[in-house]
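Reader: I should like to learn how to read the overall form and the charge pairs of a model. Please begin with the general idea in each case and then turn to the example.

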Amino acid sequence: MEKTTSGWINGFIGVAIFAGSLPATRVAVADFDPTFLTCARATIAAILGIGFLIALRQPRPSRADLLSLVITALGVVIGFPLLTALALQHITSAHSIVFVGLLPLCTAIFAVLRGAERPQPLFWLFSIIGASLVVGYALSNAGEGSAVGDLLMMAAVIACGLGYAEGAKLSLRLGGWQVISWALVAALPLMLLMTIVSLPTAEALGQVSVPAWFSLGYVSLFSMLIGFVFWYRGLAQGGIAAVGQLQLLQPFMGLGLAALLLHEHVNWMMLVVTLGAVLCVAGAKKFAR
């Protein structure tokens, strides 16, 4: 029971950190190219991760873990950051945040496929209800975004769900912060090369706003590294499918940040849909095992 409770606490902290990712990305892509932003944040986080791995003398992963690390890197280091950065050129962060409500269902599906978890049938009912609320909102409010932005967000959610489930499974053997650190290391050669290739000119960098620089720092340090320390630990301790339902809280937090920091319009339908998704957490949690 104590380990499960710790899992939910760690998971909640991770979700709270991730809630700022999309608003921060929205600010950053106003001044940075999406490709550069994706590669730069991964490169910065990887350098920090390498420092932790060396300082704490962590052993290298076994050859059997390499495939899982690559899948994790493709999902959360490359796929989700790049796809969301591209999507946020077409839609607002408030609109994109609602898609995060699909992450719990997506993560649970990959938990079954990759993690061999077996939630009860009623778990899927609550998960599907929450996901349906989100999809229904997106379809009924297509005018607030764009077909391209919505499709990119859907692809981002799938990539992220796979990365979450794969990384959480690996955390049972390597530890939470070690998994994201090694995944960042695995992606570093490509990310560093692309950072150099997509580096803006000195003139362009001089025109980058202070909020954009702060946003780059946030997504590099918190979204790409610190958040995963808590998140993977929580998933490993409390179960991928169960703790993954906490992601239904992330849209609610993110919408508040989008309204508070970016002054984006958050309509009543957004709040109703998000609240409905949040209520599904309790039901899904009860029948997760």
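**Overall form and charge pairs**

Author: For a compact globule of 289 residues, a radius of gyration near 19 Å would be expected, and the protein chain agrees with its 18 Å. That radius is taken over C-alpha atoms, and the globule rule is 2.2 Å times the number of residues to the power 0.38. This is a predicted model, in which local features need pLDDT of at least 70 and side-chain atom pairs count only at pLDDT 80 or more, while totals for chains, interfaces and linings use all residues. Residues are numbered from 1 along each chain as its sequence is written, and side-chain values use heavy atoms, with hydrogens and water left out.

Reader: How many helices and strands does the protein chain have?

Author: Helices (H or I, at least four residues) and strands (E, at least two) are DSSP runs, numbered from the N terminus. The protein chain has 14 helices and 0 strands.

Reader: What share of the residues of the protein chain counts as buried?

Author: Buried means under 20% relative accessible area, exposed over 50%, and partly exposed in between (1.4 Å probe, protein chains only). Of the 289 residues, 55% count as buried. As for contacts (heavy atoms within 4.5 Å), 92% of those with a separation of 6 or more join residues 24 or more positions apart.

Reader: How many salt bridges does a search of the whole structure find?

Author: Side chains of opposite charge can pair when their charged atoms come close. A salt bridge is a side-chain nitrogen of Lys or Arg within 4 Å of a carboxyl oxygen of Asp or Glu. The search finds 2 salt bridges. One of them joins the side chains of Arg173 and Asp65, at 2.6 Å from N to O. Arg173 belongs to helix α8 (residues 147-174) and Asp65 to the loop between α3 (34-55) and α4 (66-87), so this pair ties together parts that are 108 residues apart in sequence.

Reader: Are Arg173 and Asp65 buried or exposed?

Author: Arg173 counts as exposed, at 52% relative accessibility, whereas Asp65 is buried, with a relative accessible area of 5%.

Reader: Where do Glu166 and Lys169 lie?

Author: Both lie in helix α8, 3 residues apart, about one turn of the helix. The side chains of Glu166 and Lys169 meet in a salt bridge of 3.2 Å, N to O. Glu166 counts as buried at 0% relative accessibility, while Lys169 is partly exposed at 22%.
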